Amino acid sequence: MALSPTNFTSHSSIAAATPTAAYVHIPFCRRRCFYCDFPVSILGDHREAISRAQCANIVEALCAEITATPRFNQPLQTIFFGGGTPSLLSVHQLEQVLTAIDRQFSIATNAEISLEIDPDTFDRSQLQGYKSVGVNRVSLGVQSLDDNLLRACGRTHTPEDVYQAIEMIRAVGMSSFSLDLISGLPNQSIEQWETSLKGVITIDPPHLSVYDLVLEPVTAFGRQYRPGESPLPDDETTAQMYRLAQQMLTNAGYEHYEICNYAKPGYQCLHNRVYWENRSYFGFGMGAASYVNQQRFTRPRKRNEYFNWVKNYVVNGGAIDCPITPSEEQLLDTLMLGFRLAEGLNLERLGDRTDPFTITKILKTLQPYEQQGWLIRDQDCLRLSDPEGFLFSNVVLTALFEKLS
Ligand SMILES: C[S@@+](CC[C@H](N)C(=O)[O-])C[C@H]1O[C@@H](n2cnc3c(N)ncnc32)[C@H](O)[C@@H]1O
Ligand code: SF4
């Protein structure tokens, strides 16, 4: 490993600074799930006319925001429509946003274009339509295959709706798709978790995201429950759930490529890799975050505030009023995000972001965790072990933060 001061600000860090990814937030849901604090407006169950009209205002604001954003001379390689529930958009509305993006930045011909979809919010022709306007990857929010748990989470769908959604995904030939699952739900037993895992393994999606419940304070669950206390599983049980998922999914041929993500070969989410590699990305929409020109910026989370912000943004020619992220913070972000990936951190590339003395300090701070088996050093890479290192990543990162910040 060559760690000389001449390694500073190399071409790779300049390349990482040009955004080639865009996140678009679609801030609508039919109901709010009891665990979720994402920035969304609730439309209720009337799916058609009313919701589509409300979506139209947001599409208009999104297109204005996109069109006002300064362009770079690189086409976009990944676009991710997240939510909220992007499958509440009509095909025409989605096409409007994609057209605005293509006009402003241009979309690479082989770009990954992902769309989050909720069971029971779309039909086959809608999915076919999304595909025809460029969507080539969908992410379906399953959460659990247990009917009682779904109801206890305030989900609008049943396990049957999940199976129907998957039939539609396959019928339209959307070969790249992902399912989301959550462990650590109230009253969820290890056996129920194992059943959901067996169910998704039978479905055999190319990609899976497996989250541990985060108890957000401003949610129904956050008001009702205390972390680690019944009816939430205790820490040992949630750790067991994590280990069980790792064991069952890797045995089923999935690569555990990120703390919460599993993929069959060739199906990693390229868009999310941009975040974990701490590269630049555009963000559009209510509550969306972006990282452009070393400025991390989060848009207003409330509807009217977002609309007003867009008006000013357009008038100001797409100028973002926020400070440049200090280099110490950029380094901590690189460490925190990079350790999420199975391959961990490439120490030589880290030399683009900091000086050799800091790298020596990092390695010294992490030595006890290497001895403990939570960290593994493979030539130029330093990575967390799977599953134990991933499980205790917060301990390792806290030690680093205390040393470096
Ligand atoms: C932002 S949501 C949007 C996806 C879609 N609306 C849905 O619910 O399926 C993306 C995923 O985040 C996960 N998620 C949201 N809130 C969470 C929480 N508090 N704890 C763990 N996972 C959460 C869920 O698995 C969800 O599918
Ligand atoms: S989990 Fe998905 S459907 Fe539920 S409130 Fe959050 S964004 Fe909406």
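User: What makes you say that helix α6 lies across β5, β6 and β7?

Analyst: Good place to start! This is a predicted model, and in it helix α6 covers residues 159-171 and lies across those three strands. Contact means heavy atoms within 4.5 Å. As for direction, α6 runs at about 170° to β6. Angles go from 0 to 180 degrees between N-to-C directions, so a value of about 170° belongs to opposed directions.

User: How do you know that β5 and β6 are paired?

Analyst: Two strands pair if there are at least two bridges between them. Strand β5, residues 107-117, is joined to β6 by 4 bridges, so the pair meets that rule. The two strands run parallel. To find one bridge yourself, look at E116, whose partner in β6 is S139.

User: Why is the sheet with β5 and β6 called open, and which strands are its edges?

Analyst: Follow the order of its 9 strands: β9-β10-β8-β7-β6-β5-β4-β1-β11. At the edges are β9 (255-258) and β11 (282-284), and each of these pairs on one side only. The pairing in this sheet is mixed, and the twist from one strand to the next averages 20°.

User: What makes β14 and β15 edge strands in the other sheet?

Analyst: That open sheet has 3 strands, in the order β14-β16-β15, with antiparallel pairing. β14 (345-346) and β15 (375-378) have a single partner strand each, so one side of each has no neighbour in the sheet. Between β15 and β16 there are 4 bridges; at least two are needed, so these strands count as paired. One residue to look for is D378, whose bridge partner in β16 is C381. Helix α14, residues 356-372, lies across β15 and β16 and runs at about 115° to β15.

User: How do you know that Q143 makes a polar contact with ligand 1?

Analyst: A polar contact is a pair of N or O atoms within 3.5 Å. A polar side-chain atom of Q143 is 2.7 Å from an oxygen atom of ligand 1, so the pair qualifies. R155 passes the test too, because one of its polar side-chain atoms lies 2.8 Å from an oxygen atom of the ligand. With V214 the backbone does the job: an N or O atom there lies 3.0 Å from a nitrogen atom of ligand 1. Taken alone, ligand 1 exposes 560 Å², and the protein buries 91% of that.

User: Which residues and strands surround ligand 1?

Analyst: There are 17 residues around ligand 1, and the closest are G84, D118, Q143, R155 and D180. β6 (137-143), β7 (177-183) and β8 (207-212) each supply at least two residues of this shell. By class, the shell has 6 nonpolar, 5 polar and 6 charged residues.

User: What makes up the shell around ligand 2?

Analyst: Its classes are 4 nonpolar, 3 polar and 4 charged residues. Among the residues there are C29, R31, R32, C33 and C36. G84, D118 and R155 are also in the shell of ligand 2, and they are listed among the closest residues to ligand 1.

User: Where are the cis peptide bonds?

Analyst: One joins S230 and P231, with omega about 10°. P231 sits in the loop between α8 (220-224) and α9 (235-251). Another joins D386 and P387, where omega is also about 10°. P387 is in the loop between β16 (381-384) and α15 (388-391).

Note on methods:
Residues are numbered from 1 along each chain as its sequence is written. Chains are lettered from A and ligands numbered from 1 in the order in which they are written. This is a predicted model: local features need pLDDT of at least 70, side-chain atom pairs count only at pLDDT 80 or more; totals for chains, interfaces and linings use all residues. Side-chain values use heavy atoms; hydrogens and water are left out. A residue is near a molecule or strand if one of its heavy atoms lies within 4 Å of it. Ala, Val, Leu, Ile, Met, Phe, Trp, Tyr, Cys and Pro count as nonpolar, Asp, Glu, Lys and Arg as charged, and the others, Gly among them, as polar. A polar contact is a pair of N or O atoms within 3.5 Å; within protein, one must be able to donate a hydrogen and the other to accept it, and residues adjacent in sequence count only if both atoms are side-chain atoms. Accessible areas come from the Shrake-Rupley method with a 1.4 Å probe; for residues, only the protein chains shown count as cover.
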